[in-house]
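Work through the exercises below with the sequence and the model at hand. Each task is followed by a solution in steps.

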Amino acid sequence: MAKFDLLKFTENKVVNTIVVYAFLPICILVIGYLLVDSVLQPVRFNKEKEARELVGIERLQDIRVLQDAYKSVNGKYVSDIDSLVDFYKNGDIVVRMQIGSKDDSLAMAHTKAIKQARYWLRGANLNRYLYQLYQDGDKNLVFSIDNKIPVKDTLFHNRVGFEIDSLKTIPFSGGQKVEMESIVKKVSGVNVPLFEARMPYKKLLYGMDNQLRINLDADRRNGNKYEGLQVGSISAPNNNAGNWE
């Protein structure tokens, strides 16, 4: 029968005890880090979400401005984001220019005399004639005239770093397009043009913690809210409000 080696047993026990005590602080630190990280993860998620939303909201606000401009020219909204961008690049918008003031009695009398002298001119033709007189130096006139101005010279032209093509895509999504629809809906017997543009969280928050994003979508659905950012509505008129407003 093998003899029990008390010395060796004691040495092994001491060694094991030293190993345990040596690694115990490391284990505590690791567990502590994991606990803190699990608490901070939703905080970091919400912080990044809010930062991405700010970029998305600005883009949807720009789309709303462009849609309103498109409707002012065409009487309806556009469904295709590429067509909206093309409108910015190549379209014109009508801007009404007011010349003179109706409170200026002398200018009003002078303008009236010219109109009577050119009684055969009406509407746009009359205004074009008055505008020509104005350009030739007659500043004592009162009238208004509609001018066509390129959209790109009217909207966002003072925005530093503005890139119209960026409006096509959902930021942080890897290049996925903004979802957009437009319809003409009869409301109280009247045809009302409507549009909506959307950025679902699944695309806007691409690359972030997927489970937290799924939880966010579920919370939004449970609250009867869209799972993302949206401006306008094709369900009912809402003055083209954004769901963040």
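Which residue in S4 is the bridge partner of Lys 185? The bridge partner of Lys 185 in S4 is Val 192.

The model is a predicted one: local features need pLDDT of at least 70, side-chain atom pairs count only at pLDDT 80 or more, and totals for chains, interfaces and linings use all residues. Residues are numbered from 1 along each chain as its sequence is written, and side-chain values use heavy atoms, with hydrogens and water left out.

**Exercise 1. The sheet**

Task: determine the strand order of the sheet that holds S4, and the sense of pairing.

Step 1. Strands here are DSSP runs of E with at least two residues, helices are runs of H or I with at least four residues, and both are numbered from the N terminus. Two strands pair if DSSP finds at least two bridges between them.

Step 2. S3 and S4 pair in the antiparallel sense over nine bridges. The two strands form a hairpin with two residues between them, and Ser 188 in the turn has a positive phi of about 55°.

Step 3. S4 and S5 also pair in the antiparallel sense, over five bridges. Met 199 stands opposite Leu 229 in S5.

Step 4. The result is an open sheet of three strands in the order S3-S4-S5, with antiparallel pairing. Strand S3 (179–187) and strand S5 (228–232) are at the edges with a single partner strand each, so one side of each has no neighbour in the sheet. Neighbouring strands are turned by 20° against each other on average, direction ignored; the axes behind this angle are lines fitted to C-alpha atoms, for helices over the stretch in contact, and angles run from 0 to 180 degrees between N-to-C directions.

**Exercise 2. Glu 196**

Task: describe the surroundings of Glu 196, which lies in strand S4 (residues 190–200).

Step 1. Is Glu 196 buried or exposed? Buried means under 20% relative accessible area, exposed over 50%, and partly exposed in between (1.4 Å probe, protein chains only). Glu 196 has 8% relative accessibility and therefore counts as buried.

Step 2. Eight of the eleven residues of S4 are buried, so the strand is largely enclosed by the rest of the structure.

Step 3. The bridge partner of Glu 196 in S5 is Gly 232. Apart from neighbours within four places in sequence, Glu 196 is in contact (heavy atoms within 4.5 Å) with residues including Glu 179, Met 180, Glu 181, Val 231 and Gly 232.

Step 4. The side chain of Glu 196 makes a polar contact with the side chain of Arg 198, at 2.5 Å. A polar contact is a pair of N or O atoms within 3.5 Å; within protein, one must be able to donate a hydrogen and the other to accept it, and residues adjacent in sequence count only if both atoms are side-chain atoms.

**Exercise 3. Helix H6**

Task: check the length of helix H6 (residues 210–222) and locate its buried face.

Step 1. The expected span of a helix is 1.5 Å times one less than its number of residues. For the 13 residues of H6 this gives 18 Å, and the end C-alpha atoms are 18 Å apart, which agrees.

Step 2. Leu 212, Arg 213, Leu 216, Asp 217 and Arg 220 are buried in H6. Seen down the helix axis, the buried residues of H6 fall within an arc of 145°, so they line one face; the arc is that of the directions from the helix axis to the C-beta atoms. On the other side of H6, Asp 219 and Asn 222 are exposed.

Step 3. At the start of H6, a side-chain oxygen of Asp 209 comes to within 3.1 Å of the backbone nitrogen of Gln 211. Asn 224, with a positive phi near 55°, follows the helix.

**Exercise 4. Positive phi**

Task: compile the setting of Phe 172 and of Asn 240.

Step 1. Most residues other than glycine have a negative phi.

Step 2. Phe 172 is not a glycine, yet has a positive phi of about 70°. Phe 172 is in the loop between strand S2 (143–150) and S3, and at 38% relative accessibility counts as partly exposed.

Step 3. Asn 240 has a positive phi near 55°. Asn 240 lies in the segment after S5 and is buried, with a relative accessible area of 10%.
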